[in-house]
Amino acid sequence: MGNNKVNAKKAVMIGCGFVGSASVFALMQSGLFTEIVLIDADRNKAEGEAMDISHGIPFASPMRIYAGDYDDVADAAIVIISAGAGQKPGETRLDLVNKNVAIFKSIIPEIAKRNFSGILLVVANPVDVLTQVAIKLSGLPEQRVIGSGTVLDSARLKYKLGEHLSVDSRSVHAFIVGEHGDSEVVAWSSANVSGVELSEMCEMRGHYQHKENTREIADAVKNSAYEIINRKHATYYGIAMSVRRICEVIMRDEKSILPVSHMIHGAYGIEDVVLSMPAIVGADGVETDIPIKLSGEEALKLKESADALKEILASLEL
Ligand SMILES: NC(=O)c1ccc[n+]([C@@H]2O[C@H](COP(=O)([O-])OP(=O)(O)OC[C@H]3O[C@@H](n4cnc5c(N)ncnc54)[C@H](O)[C@@H]3O)[C@@H](O)[C@H]2O)c1
């Protein structure tokens with residue numbers, strides 16, 4: 001398997017709800033692809049979104065966006081899966097596990113059957129568990145199956161820190177690692193602003209309550225999906241930009257460092273579980289982990305995050 005000729009300009013989105021359609025809208029504007037295929041269990045939804053998003057093409061660049069089927073996966077460079085139930089107010093990402101594993105059991109074999117040779121990007125939640133399920137059910141090389149992981153959480157963290165410090169969030173270097181969910185861990189010990197240690201930068205900008213401020217910011221980031229869902233029932237623009245960035249890194253073989261979820265083998269004593277750690281990402285997917293500095297407490301929390309995910313995985317019948 002995995003020997004199809006790849007069309008480097010073709011992406012497939014499976015699931016065209018809020019997240020899938022917002023992501024395709026972001027990808028349409030990126031100029032990365034000349035063909036984007038939309039697949040959804042509700043064919044009308046896929047067709048309607050394809051029509052609507054296509055009407056923006058005259059303001060972007062020439063491409064084809066259309067509703068398709070699983071045969072379109074065969075030569076795609078990237079397949080993105082956003083199909084699945086979203087969180088309802090009060091639900092955690094892990095509450096979605098049974099519903100969305102069942103959906104993955106119907107989707108992943110369809111991809112595997114088409115000898116797919118590209119990168120599989122999982123966005124549906126719980127993203128770490130579903131990425132591990134996708135690796136297992138697809139039989140694809142594990143470096144080619146990645147989850148959006150904490151790319152969004154890390155962006156939320158950078159945004160918050162940028163606001164707090166009144167500095168461009170792109171100059172903030174900070175990662176959230178572990179589960180994309182309640183057990184996620186802020187890697188404060190390696191956070192910096194263009195090389196300046198975070199606490200030093202905070203003091204330069206007049207903030208001295210490090211403990212309180214870091215706790216408030218970490219909580220705000222961790223709870224932002226709940227806060228948004230309480231207000232507008234779904235989150236999709238932040239993840240859409242994250243999907244666009246991940247696709248950009250892969251399609252341009254950028255070898256950028258992104259906290260995508262991927263299979264971990266040994267880092268910080270964690271073995272055989274998919275979660276987010278910064279890694280070099282390029283055309284072949286995940287190349288290698290980047291061992292950022294973690295304090296003893298952060299490493300312990302990361303291990304706990306891995307254990308929480310392993311417990312869920314052990315309860316699944318695959
Ligand atoms: N990773 C992240 O950071 C992140 C952020 C936001 C949302 N999400 C997740 O993305 C997923 C989608 O969220 P949403 O708000 O777009 O939900 P939504 O309900 O708007 O859309 C889900 C879509 O999936 C389709 N679908 C369901 N089963 C399918 C199947 N077997 N094959 C094809 N399509 C199928 C539905 O018809 C629907 O159009 C959820 O699991 C949500 O939690 C992830």
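**Exercise 1. List the residues through which α3 and α4 meet, then describe the packing.**

Step 1. On the α3 side, the contact uses V97, N100, V101, F104, K105, I108, P109, I111 and A112. On the α4 side, it uses V129, L130, V133, A134, L137 and S138. The model is predicted.

Step 2. Sort the contact by class. Twelve residues are nonpolar, two are polar and one is charged.

Step 3. Add the geometry. Two packed helices are described by the angle and the distance between their axes. Here α3 spans residues 97-113 and α4 spans residues 127-138. Their axes come within 9 Å and cross at roughly 35 degrees. The crossing is right-handed.

**Exercise 2. Find the residues that touch the most other members of the largest nonpolar core.**

Step 1. The core holds 92 residues. A11, M13, I36, I78, V79, I80 and V123 touch the most other members.

Step 2. Ask where the core residues come from. Helix α9 (residues 237-251) gives the largest share, eight residues. Domain 1 (8-145) and domain 2 (149-313) each supply at least three.

Step 3. Take V123 as a case. Leaving out residues up to four places away in sequence, V123 touches V19, I80, I81, S82, S148, I239 and V243.

**Exercise 3. Decide whether D75 is buried, partly exposed or exposed, and place it in the fold.**

Step 1. Locate D75. It lies in the loop between β3 (64-67) and β4 (76-81).

Step 2. Count neighbours. D75 has 19 other C-beta atoms within 10 Å, so it is partly exposed. Buried would require 20 or more.

Step 3. Check the contacts. Beyond four places in sequence, D75 touches N4, K5, V6, N7 and K10. N4 is 71 residues away along the chain, yet the C-alpha atoms of D75 and N4 are separated by 6.1 Å.

Methods: Residues are numbered from 1 along each chain as its sequence is written. This is a predicted model: local features need pLDDT of at least 70, side-chain atom pairs count only at pLDDT 80 or more; totals for chains, interfaces and linings use all residues. Axes are lines fitted to C-alpha atoms, for helices over the stretch in contact, and angles run from 0 to 180 degrees between N-to-C directions. Helices (H or I, at least four residues) and strands (E, at least two) are DSSP runs, numbered from the N terminus. A crossing is left-handed if the near helix is turned anticlockwise from the far one by less than a right angle, and right-handed if clockwise. Two residues are in contact if their C-beta atoms, placed from the backbone, lie within 7 Å. Ala, Val, Leu, Ile, Met, Phe, Trp, Tyr, Cys and Pro count as nonpolar, Asp, Glu, Lys and Arg as charged, and the others, Gly among them, as polar. A nonpolar core is a set of buried Ala, Val, Leu, Ile, Met, Phe, Trp, Tyr and Cys residues joined through C-beta atoms within 7 Å. A residue is buried if 20 or more other C-beta atoms lie within 10 Å of its own, exposed if 12 or fewer, and partly exposed in between; C-beta atoms are placed from the backbone. Domain bounds come from an automatic or database domain assignment.
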